[in-house]
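This report describes a predicted model. It treats the arrangement of a sheet and then the surroundings of a bound ligand.

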Amino acid sequence: MSKLLLIDDQEDVRYSLQRIFDSPDVELASAASGEEALKIIPRFKPDLVLMDVRMGGINGLETLRKIRAGNPRLLVILMTAYGTTQTAIEAMKLGAYDYLLKPFDPVKIKELIANALKAARDMKQVVSYQPLLQSEDYELGIVGRSEPMQQVFKLIGQVAISDATALITGESGTGKELIARAIYHHSHRSALPFLAVNCAAIPEQLLESELFGHERGAFTGATGQRIGKFEQCNRGTIFLDEIGDMTPATQTKILRVLQSGTFERVGGNQPIQVDVRVIAATNKPLEQAVAGKQFREDLFYRLNVVRIQVPPLRDRIEDIALLVNYFLEKIGREHQRAPKSIAASVVKTLEKYHWPGNVRELENAIRRAHVMAKGDAILISDLPPEISGAAPLPSSAGAGAAAADDAAALARQLFQWARREPKLKIIPAVERELVIQALKETNDNQVAAAKLLGITRATLRKRIEKFGIHRELSVK
Ligand SMILES: Nc1ncnc2c1ncn2[C@@H]1O[C@H](COP(=O)(O)OP(=O)(O)OP(=O)(O)O)[C@@H](O)[C@H]1O
Ligand SMILES: [Mg+2]
């Protein structure tokens with residue numbers, strides 16, 4: 001017999017939940033407010049609490065904090081109709097077991113509760129951690145209500161309270177840096193420095209000295225000593241962006257810092273000890289780089305302690321309308337004017353586009369449309385032509401799946417031809433599949449793929465850019 005406590009200030013919600021959970025295996029109790037719940041809990045001793053976030057009196061988060069303080073092992077699931085990043089992250093930081101958006105599907109919620117009750121039984125045998133009881137009102141600016149983004153928010157909350165290394169992966173423009181900053185702002189290191197290093201933007205020879213510093217005379221041009229980023233942000237957080245682009249020597253040094261917290265400056269022999277939390281990001285498929293021996297396997301596992309996989313925008317189209325509104329408001333604020341409005345049909349068009357550049361591309365499109373719009377409303381004609389005009393390119397996921405499958409089948413045939421007749425002229429949608437096939441066939445080796453297709457590597461790269469292909473491969 002498991003005990004479940006339902007907390008909601010609306011009677012009809014309590015009633016419908018009671019009906020969902022009415023079963024001989026579950027003993028139910030309900031409370032109409034946080035205050036009432038706090039009184040019931042010591043008597044009823046529930047295994048699981050299901051609670052609304054917005055309630056009169058003390059709200060769900062505050063109640064959660066109080067419940068957890070007195071009963072660290074009690075599992076609490078929060079539910080709300082208003083999903084904001086902030087609440088989801090806060091809830092997970094406060095140790096909520098899960099976070100649900102209303103309205104919910106009775107079948108799903110039953111399943112979730114059954115799992116949670118099982119976890120509650122398991123919990124009785126394990127020691128739980130004490131969550132960090134602190135709230136932060138930092139405006140994160142991460143927008144999203146879709147299921148995959150809710151998962152991301154939950155992970156941010158969980159990762160933030162630990163010191164574990166986190167690896168954030170996802171296509172370009174999906175918000176990896178934003179997420180890294182969110183983890184930092186919610187971590188106990190938030191008052192200490194945060195430094196971001198873009199490993200791809202710094203020439204290979206300089207990256208090592210950028211990260212670890214160098215001694216005077218370490219190499220030609222090293223006229224003085226230099227303190228690297230790891231030393232500069234001792235006790236803080238370092239964000240290693242584009243981690244896939246490091247030389248083997250740098251990889252080895254990073255691995256050592258992660259394992260022992262020590263390194264030497266370039267040209268130095270004095271080990272330096274630091275305490276730095278590492279958050280890494282990449283838009284490259286690191287697993288493939290490991291398989292291809294360009295990336296150290298041991299370093300990969302060391303970085304991959306917690307993995308946050310950010311979904312591409314095309315897999316969360318329900319977030320597009322929200323993001324558009326968010327950007328319009330943001331732009332309005334920057335111009336100190338009321339935000340422009342946008343026609344529903346324009347939003348529909350935006351939802352159909354495949355967004356190879358993800359949220360960054362969406363933001364740029366909205367900024368451009370904002371400039372182009374003559375009146376107070378954004379119209380289709382204000383959108384960039386590739387978004388407003390062209391039919392969406394077939395992508396192998398989502399609505400165009402059937403068309404894409406056909407294209408893929410055809411491409412495979414064409415691919416056989418292309419081997420024999422490298423100068424073949426092919427329409428773009430098929431050409432895209434063709435390039436994908438060639439890359440797959442050669443394990444993402446661009447030199448080999450270009451050769452197969454009978455084009456130069458530069459042309460292949462242009463195609464990859466144009467069709468947003470590399471990104472698509474990387475999510476698979
Ligand atoms: N969920 C989101 N809500 C609001 N803004 C977002 C969101 N995701 C991304 N953005 C915005 O989109 C832009 C790109 O985000 P960011 O730089 O974090 O992406 P990235 O994944 O690091 O990209 P890259 O791989 O190209 O470095 C930024 O201006 C960021 O503020
Ligand atoms: Mg980035």
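## The parallel sheet

Five strands form an open sheet in the order E2-E1-E3-E4-E5, and their pairing is parallel. The edges are occupied by strand E2 (26-31) and strand E5 (98-101); each has a single partner strand, so one side of each is left without a neighbour in the sheet. On average, neighbouring strands of this sheet are turned by 20 degrees against each other, direction ignored.

## Strands E1 and E2 and the packing of helix H1

Strand E1, which comprises residues 2-7, pairs with E2 in the parallel sense over 6 bridges. Within this pairing, Leu5 stands opposite Ala29 in E2. Helix H1 (residues 11-21) packs on the sheet, where it touches E1, E2 and strand E3 (48-52). The direction of H1 makes about 175 degrees with that of E2.

## The shell around ligand 1

Ligand 1 is surrounded by 18 residues, of which Ser172, Gly175, Lys176, Glu177 and Val359 are the closest. Classified by residue type, the shell holds 6 nonpolar, 8 polar and 4 charged residues.

Three helices each supply at least two residues of this shell: helix H7 (176-185), helix H13 (320-334) and helix H15 (358-372). Where does ligand 1 lie with respect to domain 2 and domain 3? Residues of the shell come from both domain 2 (147-309) and domain 3 (315-388), so the ligand lies between them.

Terms used
Residues numbered from 1 in each chain as written. Chains lettered and ligands numbered in written order. Predicted model: local features only at pLDDT ≥ 70, side-chain atom pairs only at ≥ 80, totals over all residues. Pairing = 2+ DSSP bridges. Helix = DSSP H or I, 4+ residues; strand = E, 2+ residues; numbered from the N terminus. Axes fitted to C-alpha atoms, helices over the stretch in contact; angles between N-to-C directions. Contact = placed C-beta atoms within 7 Å. Near = placed C-beta within 6 Å. Nonpolar A, V, L, I, M, F, W, Y, C, P; charged D, E, K, R; others polar. Domains from an automatic or database assignment.
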